Amino acid sequence: MAHTPKVVITGASSGIGRATAVTLHAAGWDVVAIARRGDELERLADELGHERIETVTLDVRDGDAVRRLRAVVGVPDALVNSAGGARGLERADAAQWDDWQWMIETNVLGLVRLTHLFLPDMVARGSGTIVNVGSVAGEFPYPGGNVYGATKAFVRQFTLNLRADLAGTGVRVTDVEPGMVGNTDFSRARFGGDEARAQAVYEGMTPLRPEDVAEVIAFVLSRPAHVVINTISLMPSDQGFGPFHVVRRSEDVRASS
Ligand SMILES: NC(=O)c1ccc[n+]([C@@H]2O[C@H](COP(=O)([O-])OP(=O)(O)OC[C@H]3O[C@@H](n4cnc5c(N)ncnc54)[C@H](OP(=O)(O)O)[C@@H]3O)[C@@H](O)[C@H]2O)c1
């Protein structure tokens, strides 16, 4: 009988993680969907007909709960680390400590914890793919990005360092780095549930859809075993790069420049 590959997806209750669950399920994968909102996971399982879908309500910041996953899940063929997000957009000196702590604990420690859990068994088996959902914010700073950008730079560098360790083991690691993705809870969560502020982020432009990112993740996972994609960056075509920000200290300087 043909082997049915199994993928563990964190952040599967909304946005990119959820779309990845739907896309990979359609491609024939067994899906283990993880997030904190059990009701949203249940909706996903309903949508997928309760076939080849297992849901685990779990906070990736909870070390004991994550450790228990190993016995439940076994050794997956792939791990997609999508759980995460941004909290706040204040200048660094006005940022809330709780927001900074949340982003580091979720985007960095949560992702590292899941990776640490499954990696030894993947290496022992000689196969497996880990896809980390980073961000263009990990490469390009923007005002108010501060700790969010830094957590995503960590994700990128962690991915590349894993590649350095894992070459030749049969275990592949990829950082998928999207720009603006609409139809997610990302901006709503960043702005503490302020729907109007969240909507304004995507006003007058067409952001990526979660499905666009899911298709890239499916592409990464469907490469033959001898191919690994280190990093892959994608943006909506309405998004680009800004000029360097320069602070002019006086009107005189401003006038003469
Ligand atoms: N949207 C964008 O513009 C964008 C751009 C680049 C990168 N990204 C990255 O893409 C990833 C997915 O974000 P998204 O855009 O799809 O936003 P989203 O809709 O808010 O999805 C975030 C997911 O992470 C889960 N999550 C958050 N904290 C968790 C925790 N402690 N334990 C378990 N699950 C947790 C959420 O589920 P629960 O609340 O149910 O736990 C949700 O399923 C994030 O890492 C984000 O940084 C997003």
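Mentor: Before we look at this predicted model, note that a salt bridge is a side-chain nitrogen of Lys or Arg within 4 Å of a carboxyl oxygen of Asp or Glu.

Trainee: How far apart are the closest N and O atoms of Asp212 and Arg209?

Mentor: Side chains of opposite charge can pair when their charged atoms come close. Asp212 is partly exposed at 21% relative accessibility, and Arg209 is partly exposed as well, at 43%. The two form a salt bridge, and the distance between their closest N and O atoms is 2.6 Å.

Trainee: Which residues are joined into one network by salt bridges that share partners?

Mentor: Searching the whole structure gives 13 salt bridges. Where such bridges share partners, they link into one network the residues Arg37, Asp185, Arg188 and Glu195.

Trainee: How many residues apart in sequence are the parts that Asp121 and Arg70 tie together?

Mentor: The side chains of Asp121 and Arg70 meet in a salt bridge with an N to O distance of 2.8 Å. Asp121 belongs to helix α4 (residues 97-125) and Arg70 to helix α3 (residues 63-73), so the parts tied together by this pair are separated in sequence by 51 residues.

Trainee: Which element gives the largest share of the largest nonpolar core?

Mentor: That core has 30 residues, of which Val7, Ile9, Val176, Val213 and Ile217 touch the most other members. Among the elements giving it two or more residues are β1 (6-10), β5 (128-133) and α8 (210-221). The largest share, 6 residues, comes from α8.

Terms used:
Residues numbered from 1 in each chain as written. Predicted model: local features only at pLDDT ≥ 70, side-chain atom pairs only at ≥ 80, totals over all residues. Heavy atoms only, no water. Core = buried A, V, L, I, M, F, W, Y, C linked by side-chain atoms within 4.5 Å. Buried < 20%, exposed > 50% of the residue type's maximum accessible area, 1.4 Å probe, protein only. Helix = DSSP H or I, 4+ residues; strand = E, 2+ residues; numbered from the N terminus.
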